[in-house]
Amino acid sequence: MVAVLQVEGLQTWFGTKDAPVRAVDGVSFSVARGEILGLVGESGSGKSITGFSILGLVDPPGRVVGGRVLFQGQELVGAPPETLRRIRGKKIAMIFQDPMMTLNPVLSIETQMVEAVLAHDDTPRAEARARARDALGLVGIPSPEERLGAYPHQFSGGMRQRVAIAIALLHKPDLIIADEPTTALDVTIQSQILFEVRRLADAFGMALVWISHDLGVVASLADRVAVMYAGRIVESGGVDDILDRPAHPYTRGLLDALPATARRGERLRPIPGMAPAPTARPSGCAFRTRCFAAGPDCAAAEPEPTRAGERQWRCFHPLAEAAA
Amino acid sequence: MTVFVIRRLLQSLVVLAATAAIVFVGVYAIGDPAEMLIAPDATPAERAQVEASLGLDRPLPAQFLTFVVNALHGDLGRSFVFNQPSISLILGRLPATLELAFVAIVIALALGIPLGLLAGLKPRSATDEAIMTGSILGFSLPNFWQGMMLIMIFSVWLGWLPSTGRGTTGTIFGVETSLATWDGLRHLILPAVNLALFKLALVIRLTRTGVRETMPLDFVKFARAKGLTERRIVLVHVLKTIMVPLVTVIGMEIGSLIAFGVVTETIFAWPGIGKLLIDSIMRLDRPVVVAYLLVVVSLFIVLNFTVDVLYSILDPRIRVGRGA
Ligand SMILES: Nc1ncnc2c1ncn2[C@@H]1O[C@H](COP(=O)(O)OP(=O)(O)OP(=O)(O)O)[C@@H](O)[C@H]1O
Ligand SMILES: [Mg+2]
């Protein structure tokens with residue numbers, strides 16, 4: 001399979017040189033053409049920052065201090081601003097976490113969509129407008145012709161997120177990075193949008209990085225899953241492997257905390273404690289303080305990735321079920 | 001919308017009535033105009049005759065009542081000094097003041113917005129520090145001192161620009177103005193700059209603050225993710241956003257430019273209403289003072305209303321009577 005996106009050892013830090021905040025600390029993964037990768041992890045694990053780093057959109061004081069981002073073989077880390085601009089929205093689109101904040105409240109939907117077309121294509125305005133209207137229709141917005149003239153506050157959260165998705169689809173990009181686009185929405189809207197996105201990704205052969213803190217959402221959507229903890233990917237593999245036979249105790253914990261997988265009458269089992277702040281990570285394996293399988297060796301060194309076919313994990317005491 | 005306009009009109013009438021009463025009593029309390037108007041060696045008979053002809057012999061409430069009745073008929077009284085209707089005296093001087101205020105506000109905006117953008121986009125850079133230092137000077141040095149320095153440098157030392165009066169005026173669209181002739185323009189520059197300096201400092205600060213508050217917002221990042229150029233993001237997304245607070249403040253400041261241009265008009269012997277006011281207060285020319293304040297208060301009311309309308313045009317969220 002040809003990788004559309006290949007991320008290797010990505011490190012994005014905040015804070016000062018002397019006291020860096022390692023929000024993303026050595027993330028590696030790849031996404032193949034037309035593939036949907038689910039990137040999961042608790043709040044603060046560095047999912048959004050990973051997404052922004054790929055497009056060079058991390059705001060100072062954040063900066064990418066190491067690693068590579070290869071998009072169709074082209075290095076994006078340290079690429080000139082104009083090169084990045086030409087890729088953003090055209091070849092890699094992004095959908096943000098909070099639909100209430102992503103559209104500019106003082107510009108009409110038409111303005112915000114037409115400018116997105118014209119940023120990359122030298123087409124007449126009328127044609128750009130027609131493309132915007134068609135994109136709105138594609139994501140299921142009723143009477144797109146009239147809605148073009150509306151302003152963001154005239155749309156509900158779900159509709160705004162559809163507009164954001166329509167904007168992402170304008171140039172039929174090769175890759176869409178979707179940063180928890182359904183988290184702020186209620187469950188019915190969420191499943192509608194998931195369905196639409198899956199359909200559109202298949203129709204256009206787009207690759208998708210779907211960021212979420214919810215393994216349940218990812219399970220219904222992704223081909224492959226990468227689990228992130230404290231700025232690193234601790235386990236990755238095919239969606240069935242990860243859900244049925246997790247290797248990493250953290251993945252197990254995420255699954256057990258999921259209402260859908262718990263058996264009837266059985267209590268949910270949340271992972272004890274809280275994810276550590278980037279400035280207060282334990283030595284060795286960052287998860288060991290919350291881990292049921294941890295031994296003394298876990299504090300001594302950081303586990304390196306172990307590979308087994310299509311999947312890999314970082315753990316000294318992987319769960320037995322993975323081997324089966 | 002109609003309810004809004006009617007309520008505004010009623011409020012305005014109350015404000016106007018209150019202003020008239022306060023000023024009327026206030027000027028009465030300062031001194032007796034007859035003292036200023038009648039030669040010291042006049043006989044008591046002559047004095048009584050003048051007082052009677054001006055209505056000054058009657059008790060204050062009676063004088064006020066006459067004034068109100070006349071005002072309701074559109075007659076704001078005659079100047080004691082010039083023996084002309086006070087309102088036509090003021091309207092005759094108004095164009096000079098308006099053109100000064102207009103040019104000042106154009107200078108403040110044309111320089112202030114770009115400088116504020118420069119400063120706000122590169123906070124704490126050398127450019128930012130230089131611009132902000134300049135604006136602190138604009139704020140803190142007394143306006144009359146700035147005016148005298150302008151005269152000193154550009155009229156006295158360099159001899160480039162005249163420092164008194166309006167110069168030759170011409171007519172544009174039937175309005176007499178200094179903007180019509182080269183000589184008039186040369187006369188306009190120094191007083192307009194003097195009047196603009198404080199507002200310029202204000203516009204710079206407002207713009208800079210607006211830019212700094214807007215740049216970190218999600219919709220700016222999303223605009224980048226669409227692949228828009230930095231130029232379009234700043235000039236369309238950011239500028240349109242900060243126009244809302246800017247218009248509100250500037251609208252009110254135009255009122256204060258007109259009302260309080262007194263100092264500048266005095267320094268530069270500019271024949272506007274500010275200078276007329278000072279002269280009239282000196283001579284206790286009550287009808288002119290009262291009419292002046294009524295005109296200025298009306299101006300504020302109109303400006304306030306205009307700002308509210310503009311505000312709702314700029315910010316679609318508060319647009320009245322236009323559903324989704
Ligand atoms: N501007 C910033 N300054 C300092 N640290 C930051 C900044 N932005 C993010 N971080 C750090 O980066 C870490 C990862 O943030 P990120 O937004 O990627 O988390 P996330 O996985 O997307 O979480 P969520 O599910 O809540 O969106 C956070 O723990 C935070 O400490
Ligand atoms: Mg996030």
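A polar contact is a pair of N or O atoms within 3.5 Å. I needed that cut-off before I looked at the ligand. I also noted that this is a predicted model.

**Entry 1: ligand 1**

I started with Ser48(A). An N or O atom in its side chain is 2.7 Å from an oxygen atom of ligand 1. That pair falls within 3.5 Å, so I logged a polar contact.

Next I checked the backbone. Gly44(A) has a backbone N or O atom 2.8 Å from an oxygen atom of ligand 1. For Ile49(A), a backbone N or O atom lies 2.9 Å from an oxygen atom of the ligand. I then looked up how much of the ligand is covered. Taken alone, ligand 1 exposes 640 Å², and the protein buries 67% of that.

Which residues are closest to ligand 1? I found Ser43(A), Gly44(A), Lys47(A), Ser48(A) and Glu180(A), out of 13 that surround it. By class I counted 4 nonpolar, 6 polar and 3 charged residues in this shell. Helix H1 of chain A, residues 47-54, gives the largest share, with 3 residues.

**Entry 2: aromatic pairs**

I searched the whole structure and got 10 aromatic pairs over all chains. I picked Tyr229(A) and Phe287(A) to study. Why is this pair edge-to-face? The ring centres are 5.0 Å apart and the planes stand at 80°, which is over the 60 degrees required, so the pair earns that name.

Then I placed the two residues. Tyr229(A) is in strand S9 (residues 224-229) of chain A. Phe287(A) is in the loop between helix H11 (249-256) and helix H12 (297-300) of chain A. The two are 58 residues apart in sequence, so the pair ties together separate parts. Are they buried or exposed? Tyr229(A) is buried, at 3% relative accessible area. Phe287(A) is buried too, with 3% relative accessibility.

I moved to chain B for another pair. Phe24(B) and Phe67(B) are tilted, with 5.2 Å centre to centre and 35° between the planes. This pair links distant parts of the chain, 43 residues apart. Phe24(B) belongs to helix H1 (residues 2-30) of chain B, and Phe67(B) to helix H4 (residues 60-72) of chain B. I marked both Phe24(B) and Phe67(B) as buried.

I also found a cluster. Ring pairs link Phe52(A), Phe96(A) and Phe222(B).

**Entry 3: charges over rings**

I returned to Phe24(B). Arg286(B) lies over the face of its ring, 4.3 Å from the centre. In chain A, I saw the charged end of Lys172(A) over the ring of Phe204(A), at 4.9 Å from the ring centre.

Key:
Residues are numbered from 1 along each chain as its sequence is written. Chains are lettered from A and ligands numbered from 1 in the order in which they are written. This is a predicted model: local features need pLDDT of at least 70, side-chain atom pairs count only at pLDDT 80 or more; totals for chains, interfaces and linings use all residues. Side-chain values use heavy atoms; hydrogens and water are left out. A residue is near a molecule or strand if one of its heavy atoms lies within 4 Å of it. A polar contact is a pair of N or O atoms within 3.5 Å; within protein, one must be able to donate a hydrogen and the other to accept it, and residues adjacent in sequence count only if both atoms are side-chain atoms. Accessible areas come from the Shrake-Rupley method with a 1.4 Å probe; for residues, only the protein chains shown count as cover. Helices (H or I, at least four residues) and strands (E, at least two) are DSSP runs, numbered from the N terminus. Ala, Val, Leu, Ile, Met, Phe, Trp, Tyr, Cys and Pro count as nonpolar, Asp, Glu, Lys and Arg as charged, and the others, Gly among them, as polar. Rings of Phe, Tyr and Trp (its six-membered ring) pair if their centres lie within 6.5 Å; planes under 30 degrees apart count as stacked, over 60 as edge-to-face and the rest as tilted. Buried means under 20% relative accessible area, exposed over 50%, partly exposed in between (1.4 Å probe, protein chains only). A charge sits over a ring if NZ of Lys or CZ of Arg is within 6 Å of the ring centre and within 35 degrees of the ring normal.
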